[in-house]
Amino acid sequence: MLEAVDLSRAFDGRVALDGLGLEADAGEVVVLLGPNGAGKTTTVRLLNGVLLPDRGCSRVLGLDPATSGDQLRRRTGVLTESAGLDDRLSARQNLAAAAAIRGIRGNEAERRITGSLERFGMGHRADVALQGASTGERKRVALAGALLHEPEVLFLDEPTSGLDPTATRDVIDLIADLTRTRGSTVVLCTHLLPEAGRLASRMAVLDRGRLRAYGRPDELAAALWPGLAVDLDLGGPATPPVLGVVHGCRGVLGVEAAASGARVRVEDREAVPAVVAALVAADVAVYGATPRPATLEDVYFALQGEPSPAAPDGTG
Amino acid sequence: MSRVDPAAVRAVVRKDLLAATRSKAVVLPMLMVPVLLLVVLPAVVALGAGRGTTADISSFLDQLPGELAAPVARLPQREQLVVLVNGYLLAPLFLIVPLMVSSVLAADAFAGEKERRTLETLLHLPITGRDLFLAKLLGAFLPAVAVSWAGFVCFAVVANAVAWPVLHRLYVPTWLWLVVIVWVGPAVAALGLGVMVRVSARAKTAQEANQIGGVVVLPLIVLAVGQSTGLLLVEVPVAIAIGGLVWAVAGALCWRGARRFTRDQLATRL
Ligand SMILES: Nc1ncnc2c1ncn2[C@@H]1O[C@H](COP(=O)(O)OP(=O)(O)OP(=O)(O)O)[C@@H](O)[C@H]1O
Ligand SMILES: [Mg+2]
């Protein structure tokens with residue numbers, strides 16, 4: 001469906017992408033993460049056949065972007081980082097040009113453009129020149145354009161930057177909806193980790209052109225941190241004897257004191273009832289036991305070698 | 001090589017033209033120059049002739065090549081100035097119109113697209129690099145020819161109408177005019193285009209492209225002006241030859257431009 005092997009590209013001898021390997025199935029959301037200049041936009045351009053690789057190859061929808069670019073681009077939709085609209089034209093005119101290039105014309109184009117603009121709340125501003133439109137308004141128009149032809153693969157380069165919270169939530173819901181109901185595959189570049197966490201079936205962490213990690217977020221988390229973290233609310237920091245009790249239970253991998261109790265690392269959630277039972281038997285009051293599965297945010301920061309604000313084991 | 005997708009080419013041409021007509025920096029020179037050159041100037045000359053301010057231009061005619069001066073010298077003196085200027089001298093000057101229209105539009109289409117950051121969107125659409133290049137060429141070339149031909153029609157009407165009291169006949173177009181309009185004008189439009197394609201590959205903004213282009217385009221304008229003042233005044237066969245030469249240079253420039261106009265190269269310079 002989407003596959004890249006050793007994909008590499010340099011500009012004037014400076015490496016922008018080095019040996020990227022990816023694969024994803026239809027209906028998945030691949031999130032590309034990484035600091036500025038990591039190579040996310042370059043990856044999108046390579047996967048849609050806009051740039052040619054120096055080395056390596058890729059396949060999207062069974063097509064090689066480097067040789068069957070136009071065939072591929074008929075079936076993909078792209079939202080570029082800068083919305084890329086002509087300010088002198090109206091939203092409708094901008095979209096009509098793109099639609100006509102895609103072979104959508106006449107009433108059909110009119111219907112789709114109106115529908116798409118309305119879906120993104122830009123129906124009321126469809127026919128005035130975009131000059132003076134806000135960042136978010138432009139982004140909405142560009143998104144409407146990227147979805148006009150119901151693409152099978154959607155490349156979204158920072159789709160929510162510049163959007164207000166409501167619009168951000170709408171876009172996230174929309175992406176989730178597209179993959180679920182239409183089986184579209186989405187490649188999403190973003191700096192917003194929570195939104196990435198909500199959507200990602202696969203995450204790629206890039207840094208200066210190199211892939212630091214690629215996989216399903218939960219699998220990456222499992223590789224980083226074995227087992228599952230569980231927060232125990234004991235009404236106050238656990239004392240060493242209490243920690244000893246927890247440590248003695250079956251399936252417990254580790255435990256440490258926390259402000260309101262302890263954080264326990266267990267093999268799986270089946271170990272939790274035994275831990276609680278042992279504590280109760282030792283006359284320790286247990287107010288709650290909450291599993292804390294690692295988030296994409298935790299994984300990202302761990303891969304960057306930085307402590308996460310909410311790392312599953314408190315150290316990141 | 002895949003077939004040209006006429007619908008896609010048309011879509012790009014239409015969008016570029018629609019946008020260009022909304023831009024003062026593009027429309028103003030496209031209107032002002034033809035109006036001044038093709039309406040105001042001939043009217044002033046013809047009116048001057050009508051007032052009886054008949055300058056003695058026989059000494060000037062003496063300096064011209066014989067075959068060219070002959071049809072003018074044969075005329076009554078009061079007719080000489082208006083026929084010489086409107087019938088012959090203005091013809092080369094007219095070339096500024098297609099040259100300017102095509103280079104202004106080409107700068108907007110090639111460098112302007114980069115400047116507005118709309119090029120990347122276009123590159124992500126299913127249109128071949130070749131079709132995109134073709135669309136950009138046509139989008140500048142066709143309007144340049146259209147504006148110059150429309151301008152010429154205005155010119156012919158004004159020049160003949162205003163000079164009617166003096167001449168009592170139609171004197172424009174002359175054969176020289178016809179060659180210039182049909183053959184040399186479109187060639188010069190293509191030349192402006194070829195130059196701007198090259199320049200725009202390096203320039204970051206349309207304005208920059210126009211400025212760099214000016215270094216190349218201005219000497220051509222000076223040449224045209226020089227011609228029109230009689231220094232390089234040409235006869236019909238020479239005009240045809242010059243047109244052929246301009247076509248060849250323009251063709252070579254566009255061909256080289258096309259070879260550099262690949263998606264990857266465009267995306268690299270985004
Ligand atoms: N056309 C180009 N010419 C020269 N260098 C380039 C070009 N395109 C990208 N680069 C370089 O390649 C690297 C990766 O760029 P890219 O735009 O892919 O990063 P990114 O991950 O999208 O960053 P951001 O989060 O800032 O959008 C950067 O160092 C950039 O300077
Ligand atoms: Mg980017």
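**Two pockets where chains A and B contribute**

The largest pocket here has a volume of about 520 Å³. Keep in mind as you look around that this is a predicted model. Rolling a probe the size of a water molecule over the atoms is what shows where empty space is left.

So who is standing around that pocket? Its lining takes in 23 residues. If you want to find the centre, go to chain B and pick out B:Thr128, B:Gly129, B:Arg130, B:Phe261 and B:Thr262, which lie nearest to the middle. Chain A has a hand in the wall too: helix H2 (69-73) of that chain supplies at least two lining residues, as do helices H8 (129-167), H11 (236-260) and H12 (263-268) of chain B. H8(B) gives the most, with five residues. Sorted by class, the lining comes out as 11 nonpolar, six polar and six charged residues.

Now move over to the second largest pocket, with a volume of about 420 Å³. Of the 19 residues lining this one, A:Arg45, B:Arg117, B:Ala267, B:Arg269 and B:Leu270 are the closest to its centre. On the chain A side, helix H1 (40-47) supplies at least two residues of the lining, and on the chain B side so do each of H6 (96-115), H7 (119-123), H9 (175-202) and H12. The largest share belongs to H6(B), with three residues. As for chemistry, this second lining holds six nonpolar, three polar and 10 charged residues.

One element to trace on screen is H12 of chain B: it supplies at least two residues to the lining of the largest pocket, and at least two to that of the second largest.

Definitions and conventions:
Residues numbered from 1 in each chain as written. Chains lettered and ligands numbered in written order. Predicted model: local features only at pLDDT ≥ 70, side-chain atom pairs only at ≥ 80, totals over all residues. Heavy atoms only, no water. 1 Å grid on protein atoms, 1.4 Å probe; cavity = no way out; pocket = protein on both sides within 12 Å on 5 of 7 lines; lining within 4 Å. Points joined across faces, edges and corners; volume = space filled by probe spheres on them. Helix = DSSP H or I, 4+ residues; strand = E, 2+ residues; numbered from the N terminus. Nonpolar A, V, L, I, M, F, W, Y, C, P; charged D, E, K, R; others polar.
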